Amino acid sequence: MQDPANLNVYAAVLHHVGLSLQAEQVFCSIVTEMKFMPAFRDDPHLQTVHKENYETSYHRNTAAGNLRRLLTGAFAEEDMLVLMTIECFVEAKAHDLAAEQALRAIPATTESQQHWLRAAERWHMRRRRELSRAKRILRSHVSAETWQKGVALAE
């Protein structure tokens, strides 16, 4: 049986991953809609953002699944699930940064285009901020050695 203190930590981490996923959903919706707008349709940077979103979504969803399994005890090997969650945080952050760089490279020549890019950036920053909060909580709960093992899975 798992330590109740661990369950509280995993629940807190999952809460922030969930908020990050909600922001991710809105961000993906915005940039997908932008793909259908003549001003953005053929922009290679927007294509990069869209490609990176597949990765960011995968890693956030996998982290959420890991945490749900930790909370329910469903086929849970606690140590491995924690390491996999750390790996997901590292991978998601790397793809978030690639998406952010591409998003900032998209040109906007009109106020309407700037509005779309600002909206996308706000949701992108929200998804990053919530994932960072989740990461900080988990990192404060595990040993430095465990954290490094999880990071190494991403390399």
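This is a quick briefing on the fold, packing and a few single residues of the chain shown above. Keep in mind that the model is predicted. The chain comes out as 5 helices and 0 strands, and from the N terminus on the order reads α-α-α-α-α. Along the principal axes, the C-alpha atoms fill a box of roughly 55 × 25 × 25 Å.

**Overall build**

- Of the 155 residues in the protein chain, 41% are buried.
- Take the contacts with a separation of 6 or more: 78% of them join residues 24 or more positions apart.

**Helix 4 in detail**

- Helix 4 covers residues 111–141, which makes 31 residues.
- Its end C-alpha atoms sit 45 Å apart, and that agrees with the 45 Å you'd expect at 1.5 Å a residue.
- The buried residues of helix 4 include some nonpolar ones, among them Leu117, Ala119, Ala120, Leu131, Ala134 and Leu138.
- Gln113, His124, Arg127 and Glu130 are buried in helix 4 too.

**The nonpolar cores**

- The largest nonpolar core has 22 residues, and within it Val13, Val17, Phe89 and Leu138 touch the most other members.
- Every one of the five helices chips in: helix 1, helix 2 (44–72), helix 3 (78–104), helix 4 and helix 5 (144–154) each supply at least two residues of this core.
- There's also a second, separate core of 14 residues, with Ile30, Met37, Phe40 and Ala120 among its members.
- Back in the largest core, which residues does Leu138 touch, leaving aside those up to four places away in sequence? The list is Tyr10, Val13, Thr85, Ile86, Phe89 and Trp147.

**Trp116 and its neighbours**

- Trp116 lies in helix 4.
- Leaving out residues up to four places away in sequence, Trp116 touches Ile30, Glu33, Met34, Met37 and Phe40.
- Ile30, Met37 and Phe40 from that list also turn up in the second core.
- Glu33 and Trp116 are 83 residues apart in sequence, yet their C-alpha atoms are 9.7 Å apart in space.

**His16 on helix 1**

- His16 belongs to helix 1, which runs over residues 4–34.
- With a relative accessible area of 17%, His16 falls under the 20% cut-off, so this histidine counts as buried.
- Its contacts, not counting residues up to four places away in sequence, are Glu130, Arg133, Ala134 and Ile137.
- Two of those partners, Glu130 and Ala134, are on the buried list for helix 4.

**Cysteines**

- How many disulfides does a search of the whole structure find? The search gives 0 disulfides.
- Cys28 is in no disulfide, and the nearest cysteine sulfur, that of Cys88, is 16 Å away.
- A disulfide needs the two sulfur atoms within 2.5 Å, so the 16 Å from Cys88 to Cys28 is too far for a bond.
- Both cysteines are tucked away from solvent probes by the numbers: Cys28 is buried at a relative accessible area of 19%, and Cys88 is buried at 4%.

**Aromatic rings**

- A pair of aromatic rings is described by the distance of the centres and the angle of the planes.
- The count of aromatic pairs here is 0.
- Trp123 does have a charge over its ring, though: Arg126 lies over the face of Trp123, at 4.2 Å from the ring centre.

Terms used: Residues numbered from 1 in each chain as written. Predicted model: local features only at pLDDT ≥ 70, side-chain atom pairs only at ≥ 80, totals over all residues. Heavy atoms only, no water. Phe/Tyr/Trp six-rings, centres within 6.5 Å; stacked < 30°, edge-to-face > 60°. Lys NZ or Arg CZ within 6 Å of the ring centre and 35° of its normal. Helix = DSSP H or I, 4+ residues; strand = E, 2+ residues; numbered from the N terminus. Buried < 20%, exposed > 50% of the residue type's maximum accessible area, 1.4 Å probe, protein only. Contact = heavy atoms within 4.5 Å. Expected span 1.5 Å × (residues − 1). Core = buried A, V, L, I, M, F, W, Y, C linked by side-chain atoms within 4.5 Å.
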